[in-house]
Amino acid sequence: MEIAANGSRAASINLPSGSGQRRAAGRCGGWKLLGGTIGIFVSTPGSSSSPQVRQQGANMPFGNTHNQVKLKFTSDQEYPDLSKHNNHMAKVLTPAMYERLRSKQTPSGFTLDDVIQTGVDNPGHPFIMTVGCVAGDEETYEVFKELLDPVIQDRHGGYKPSDKHKTDLNAANLKGGDDLDPNYVLSSRVRTGRSVRGFCLPPHCSRGERRAVEKLSIEALASLSGDLKGKYYALKNMTDAEQQQLIDDHFLFDKPVSPLLLASGMARDWPDARGIWHNDNKTFLVWVNEEDHLRVISMQKGGNMKEVFNRFCTGLTKIETLFKDRGHAFMWNEHLGYVLTCPSNLGTGLRAGVHVKLPNMSKHAKFEEVLKRLRLQKRGTGGVDTAAVGGVFDISNADRLGFSEVELVQMVVDGVRLLVDMEKKLEKGQSIDDLMPAQK
Amino acid sequence: MASSFTRLFSGRNTAVALASLGVGTMATGFLLSENSSLAAEAKKKLYPPSSDFPDLRKHNNCMASALTPAIYAKLRDKVTPNNWTLDQSIQTGVDNPGHPFIKTVGCVAGDEESYEVFADLFDPVIKDRHNGYDPRTMIHPTDLDASKLTHGIFDENYVLSSRVRTGRSIRGLSLPPACSRAERREVERVVVTALAGLKGDLAGRYYSLGDMTEKEQQQLIDDHFLFDKPVSPLLTCAFMARDWPDARGIWHNNEKTFLIWVNEEDHTRVISMEKGGNMKRVFERFCRGLKQVEHLIQERGWEFMWNEHLGYVLTCPSNLGTGLRAGVHVRLPKLSKDPRFTKILDNLRLQKRGTGGVDTAAVGDTFDISNNDRLGKSEVELVQLLVDGVNYLIECEKRLEKGQDIKVPAPIAQFRK
């Protein structure tokens with residue numbers, strides 16, 4: 001069942017700023033509805049300076065949920081000090097924009113301050129531009145469009161609010177990719193994320209919602225069969241032996257320590273309703289309730305990216321069907337593609353990468369330029385924010401949105417093939433000038 | 001359950017859903033025009049308190065001991081006038097299971113009203129933490145008359161420094177876990193304006209954390225005055241570090257004996273200290289400074305959060321009452337090695353810490369000795385307890401030096417339920 005969550009209904013509430021009164025009709029105070037389990041109290045008009053509106057239930061437990069109370073202060077009084085900040089949110093959020101957006105909230109009560117808290121708390125780095133804002137639910141991207149559209153445009157190479165994103169999970173469309181030289185390409189991996197429509201995202205969800213997502217995921221994944229048959233390990237229940245095995249397999253994820261994640265509220269209630277599922281072959285892995293509802297990973301040793309991507313697409317499609325059978329779609333729309341917690345992961349949410357030996361190429365003066373033209377990025381083999389060890393690099397696609405899954409994996413396959421060819425030339429002392437690619 | 005939930009999310013079926021929940025026509029009309037509250041209400045219906053109850057089986061803190069599913073069900077959907085919820089109060093205790101030996105509190109107040117709205121949780125937590133003190137029935141004595149303190153000058157061969165600290169909250173503004181940026185800035189404004197009115201030996205200066213120069217920062221570090229962004233997960237999980245370092249700062253008098261932290265774990269932390277053993281003078285300055293600051297904010301129409309059951313209201317329930325920790329750095333080379341040391345401290349209602357403060361180890365033979373209790377005894381009583389206790393410890397040390405034996409004192413009365 002598809003829910004039209006974007007644009008087809010008013011998803012935001014504009015509260016009059018300054019007075020804080022939510023109901024101009026001014027009905028009598030103290031309506032107790034539904035036998036007292038829901039109480040929406042409305043103040044009698046009169047006291048305009050300190051509204052006594054108490055709205056139960058529109059607040060999910062976290063952070064600045066008392067938006068109406070804040071509205072009695074002016075926008076200038078609430079506007080964050082972003083003078084030392086370097087992230088996408090800080091670049092975009094002007095005082096005027098803050099004023100326009102501060103009275104809004106999504107249907108589940110996620111507010112502008114909730115969106116930006118991580119960017120306020122983490123000024124960033126002069127060289128690395130972080131995003132600085134997160135979504136608490138699918139509607140965040142609609143209600144706070146005015147902030148998130150320019151953030152998305154800045155982060156995703158000029159992607160416009162009117163652009164359409166193409167989804168293509170047909171692995172047969174990938175050309176080649178089974179022929180990367182395993183002497184150089186040590187392992188291949190594709191990951192993405194998926195959000196389950198109807199539940200709040202990790203920064204905002206309640207324990208009940210998070211557990212519901214876990215329960216759904218366990219049921220769906222338990223139905224996988226064949227080479228995808230596997231087992232779920234709840235983080236809070238695993239034995240020492242299981243834990244050690246998962247560490248040895250490099251599967252175990254830990255409570256986030258990055259202040260970027262902690263400041264957004266994603267680590268609340270750890271390790272409740274978090275877990276890891278993987279197939280018996282250890283080539284298909286799903287993280288539940290870490291930074292996104294689901295992170296889906298297909299991986300194996302060697303350079304057969306085609307096989308990795310095949311499994312990725314097959315597995316994802318099967319999981320999507322299993323969720324739909326239980327009445328839940330993934331969050332998706334034709335403008336943003338798959339909707340995830342961090343705006344940087346919109347679209348495909350896809351990072352396809354290899355661990356590849358490039359000791360000569362990585363020392364070449366044109367290495368960065370080549371990567372840039374191929375639309376690839378390098379990381380250390382520990383993942384994001386790590387350094388390369390022994391000339392082995394993690395090379396993956398730089399883009400997420402505006403290209404389909406097939407297109408992105410194709411870029412990685414073609415790009416890595418070229419990099420390995422260049423490496424081989426450099427080994428023989430030859431020049432790579434004639435191999436320099438055009439800008440993709 | 002899943003499909004009825006998703007139906008509720010689509011506007012068309014809202015009226016039907018509301019009717020099915022037993023809502024009348026007028027109320028339906030009211031609710032329909034508030035999409036936000038409707039969707040959230042629907043969600044609350046679909047997630048009964050039992051689905052949200054935290055898993056506290058591996059937890060050892062006062063909140064986990066007190067919070068039953070019944071209490072949670074009763075309180076989950078309540079909000080304080082500042083829209084602070086139970087889940088927000090307990091988040092730090094859920095995220096930090098605690099230690100088998102050290103029982104942390106595990107919950108915080110977002111505003112003054114938290115202690116009332118969530119009394120079903122906070123009352124047993126307070127009883128647990130404060131030796132059986134019952135906020136429903138007992139009255140907390142406040143006494144800041146420093147002239148009543150006796151024997152408050154220690155032997156400086158043993159006592160290296162003396163210090164008294166407490167906290168104060170500004171009534172009408174949310175506490176650090178809950179406050180918005182504007183509220184926090186308002187706290188800073190109110191406090192800094194008041195402190196500018198202090199004169200004589202209390203005259204001083206404010207250093208905003210965000211604006212201080214490198215030189216000022218280094219000086220404050222050298223004076224051991226500078227506080228940093230909290231790293232303890234007990235505090236960060238309680239949302240106290242949001243927007244750091246906005247509206248945080250340090251004020252101190254020119255003589256560097258009276259110091260106020262603004263917007264760290266509480267609205268204000270007030271510290272009086274000096275080298276040596278003159279606790280009498282430290283406490284006298286403490287009381288005088290506090291009263292003057294209170295007077296200065298009252299002139300502008302503000303007051304401190306206080307009531308006769310809880311005394312001074314602070315963020316953490318452990319600091320209710322006086323919020324007072326009076327302590328010394330004292331050398332006790334022989335006594336600290338005596339196996340009766342811990343028992344003596346317990347009976348005197350004192351605690352030992354390392355000289356780096358809470359959660360640090362002692363260096364050499366020098367200990368930070370301070371009062372255990374905060375609530376149910378007045379400031380004068382607690383500082384007198386500290387004074388009498390430290391004098392006793394020094395007596396023991398001197399006796400041990402002379403090869404004489406020492407006695408474990410009788411335990412001082414606590415509260416009984």
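## Exercises: where two domains meet

In this predicted model, the interface of domain 1 of chain A and domain 2 of chain A holds one salt bridge by the rule.

**Exercise 1.** Find which side chains meet in a salt bridge, and give the N to O distance.

*Solution.* Step 1: recall the cut-off, a Lys or Arg side-chain nitrogen within 4 Å of a carboxyl oxygen of Asp or Glu. Step 2: look at Arg197(A) and Glu138(A), whose side chains meet at 2.6 Å, N to O. Step 3: place them by domain. Domain 1 of chain A spans 66–156 and domain 2 spans 171–435.

**Exercise 2.** State how many residue pairs are in polar contact across this interface, and which elements give two or more residues to the domain 1 side.

*Solution.* Step 1: the rule finds nine residue pairs in polar contact, both residues at pLDDT 80 or more. Step 2: the elements on the domain 1 side are α5 (112–121) and α7 (145–155) of chain A. Step 3: α7(A) gives the most, with four residues. Step 4: sort the residues of that side. Eight are nonpolar, eight polar and five charged.

**Exercise 3.** Describe the extent of the interface between domain 1 of chain A and domain 2 of chain A.

*Solution.* Step 1: take the contacts. 21 residues of domain 1 touch 23 residues of domain 2. Step 2: take the area. The two domains bury about 1800 Å² between them, 65% of it on carbon and sulfur atoms. Step 3: find the main contributors in domain 1. Glu138(A), Tyr141(A) and His156(A) lose the most area to domain 2, together 35% of what that side buries. Step 4: add the spacing. The domain centres, taken over C-alpha atoms, are 28 Å apart.

How values were computed:
Residues numbered from 1 in each chain as written. Chains lettered and ligands numbered in written order. Predicted model: local features only at pLDDT ≥ 70, side-chain atom pairs only at ≥ 80, totals over all residues. Heavy atoms only, no water. Domains from an automatic or database assignment. Contact = heavy atoms within 4.5 Å. Buried area = accessible area lost by both parts, 1.4 Å probe. Polar contact = N/O pair within 3.5 Å; in protein donor to acceptor, adjacent residues only side chain to side chain. Nonpolar A, V, L, I, M, F, W, Y, C, P; charged D, E, K, R; others polar.
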